[in-house]
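The following note sets out some remarks on the model, point by point. Please read them alongside the sequence and coordinates.

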Amino acid sequence: MTAQEVRLCGLLLREHFGEVVEKVGTHLLRGGAQNLRIIIHETGISLDLVKKSLCVLVQHGACVFSPGRKGPGSPTEYRTSCDQILRILRYPRYIYTAKTLYGDTGELIIEELLQRGDMTMSSTVKTVADRLTQNMEEGRSMDYTEVSSAFSKLVETHFLQRCPPMASAVKKDSSTPAAPAIPGAPAAPVSTAPPTAESFPDCYKVPHVTLTGRGKRQLSSEDGEDQRNAKKAKIDSETHGDEGIYWQVNFERFHLHFRDQAIISAVANKLDQTSSEIVRTMLRMSEVTTSPTATCTKPLSANEIFRSLPNSYNIPRPILDQYLTLLVDDPMEFVGKAGESGGGMYVVNLHRALANLARATLESVVQERFGSRSARIFRLLLRKRHLEQKQVEDFAMIPAKEAKDMLYTLLSQNLVQLQEIPKTPDYAPSRTFYLYTVNQLPTARMLLQNCYKTVANLIERRLFETKDSKRLLEKSQRIEAILASLQASGAEPEQLTEVEEMITAPEKQQLEGLRLHINKLDSAENQVDETMFLLESYIISTGTSTS
């Protein structure tokens, strides 16, 4: 891992879990696997705080623990992973995807699981039903069975999965449903790999939960405090048939969905909406049968594709054949032909599509930073592989002086590499070919590091903006809370107006400017994360292709 990754991970941990967790997390990232005593000694944090920090990291899947490497009886060791922590950056995208696919119920289920790390199905259903009921009109409430149905759908489509069996066994004896495994004491070997359907047969098996009832509204009055506490013990003692079975978000399944959506969107931009719908249908048909690391989907016949197209797309069979031929002949090579049986066998070239999307991203970055002429040279080198300076000038049709300046600028930014091919062993300049080339994979890795740096800068700027206006934000929150309580108690309009006027006009203007600025920073973070996801997927795909 690089310094930029560690810096970004530290900022994400600080923003979501606080400075103590950030210090422990970044120490483990830099130092590798360490036991509890070493962590306490080197961070200077108290035993209690280190244990709590490790609990938080383990609960959210950012830290794993295993027996010490020195043999039986050696202290338990803890290690963190950058990849797990960087997923925090993508939390809004996971939640939005769940909302798009499964509505408000799916959104809240994913949000609760992301916030708490893991939960039982019964506790998730109750919490989500209560939250939905709170936002409904008076007299209406959400049935538990509706939330259970949405939860089951998320499991069926593999967006949720059970936690590894060993993690569940550790938590079974805990008094609270969502308590994490207790770090510090030597533990039995724990599988550090994420659970998959292949390694754990019950990974996607929904237990039979005996849960009936409807969501309840929170009691806002002080008189209801005793009533809530009285009910809490009763709720905790109830059993629903899923004790010890904890669920977590399957991030890999979300990433496959993001990859598919990126391919569909690229086809729509390159060709048209009908072509993208055909590719969407092919990806949907092969979701279950295709391995996550496969270079392409399983072959599908034109007849199967025709029968599986949505009814809204009334495409005649000859037109479908024309579209498939068009997709196969396209230079981007999103779709390939694998045979002639069944009217033709077709596949979606997943890894090739990712390579082309990464290539388009690199070209876009060069064009935005250095102009269209530099982008022309960059595209030319990507296509021709190796060219001398004179050949670049001729092919790109750019004057020699300008081409030389642009090539040297790209070379200084490590976007273009120079390769020397000597005619003689002495490497004399007069007897050496100097060829310019672009290595796509190292360039993508470099750009990914720039993305990490950009997101870290955006987060730091946002934290600075909120810290600078902390007093004003706190005042605004207090007034909003007062207004909400007054409206709930049926206060008169004059009282509400009087409270609203506690914030002056200049303060309102300052707040509006701050919110607008923070929204822009959040939007920029999400846009950079999309680029990061594409580049990460491409880099991972090259590793699985060569292995």
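1. In this predicted model, helix α3 is followed by G44, a residue with a positive phi, near 75°. At the N-terminal end of α3 the cap is provided by N35, which places a side-chain oxygen 3.2 Å from the backbone nitrogen of R37.

2. Which residues of α3 are buried? In this helix, spanning residues 36-43, they are L36, I39 and T43. These residues lie on the same side of α3, because the arc they cover around the axis is only 65°. The spacing agrees with a general rule: an α-helix has 3.6 residues a turn, so residues three or four places apart point the same way. R37 and H41, on the other side of α3, are exposed.

3. What covers the buried residues of α3? The cover includes two helices, α2 (19-31) and α4 (47-59), together with the strands β1 (34-35) and β3 (77-80).

4. The largest nonpolar core comprises 94 residues. Within this core, the residues with the most contacts are L54, I109, I110, L160, I377 and L381. Another core, of 26 residues, lies apart from it and has V267, L283, L309 and F334 among its members.

5. L160 merits a separate remark. Residues up to four places away in sequence being left out, L160 touches I109, I110 and L113, as well as F151, L154 and V155. Its contacts further include Y204 and the run W247, Q248, V249 and N250.

6. The strands β4, β6 and β5 form, in that order, an open sheet with antiparallel pairing. β4 (119-120) and β5 (160-162) each have a single partner strand and stand at the edges, so one side of each lacks a neighbour in the sheet. The antiparallel pairing of β4 with β6 (residues 246-249) extends over two bridges. T120 has Y246 of β6 as its bridge partner.

7. Is L101 buried or exposed, or in between? This residue of helix α6 (residues 91-116) is partly exposed, its relative accessible area being 39%. Beyond its neighbours within four places in sequence, L101 is in contact with F159 and H257. L101 and L154 are separated by 53 residues in sequence, and their C-alpha atoms are 9.4 Å apart in space.

Notes. Residues are numbered from 1 along each chain as its sequence is written. This is a predicted model: local features need pLDDT of at least 70, side-chain atom pairs count only at pLDDT 80 or more; totals for chains, interfaces and linings use all residues. Side-chain values use heavy atoms; hydrogens and water are left out. Buried means under 20% relative accessible area, exposed over 50%, partly exposed in between (1.4 Å probe, protein chains only). Helices (H or I, at least four residues) and strands (E, at least two) are DSSP runs, numbered from the N terminus. The arc is that of the directions from the helix axis to the C-beta atoms. Contact means heavy atoms within 4.5 Å. A polar contact is a pair of N or O atoms within 3.5 Å; within protein, one must be able to donate a hydrogen and the other to accept it, and residues adjacent in sequence count only if both atoms are side-chain atoms. A nonpolar core is a set of buried Ala, Val, Leu, Ile, Met, Phe, Trp, Tyr and Cys residues joined through side-chain atoms within 4.5 Å. Two strands pair if DSSP finds at least two bridges between them.
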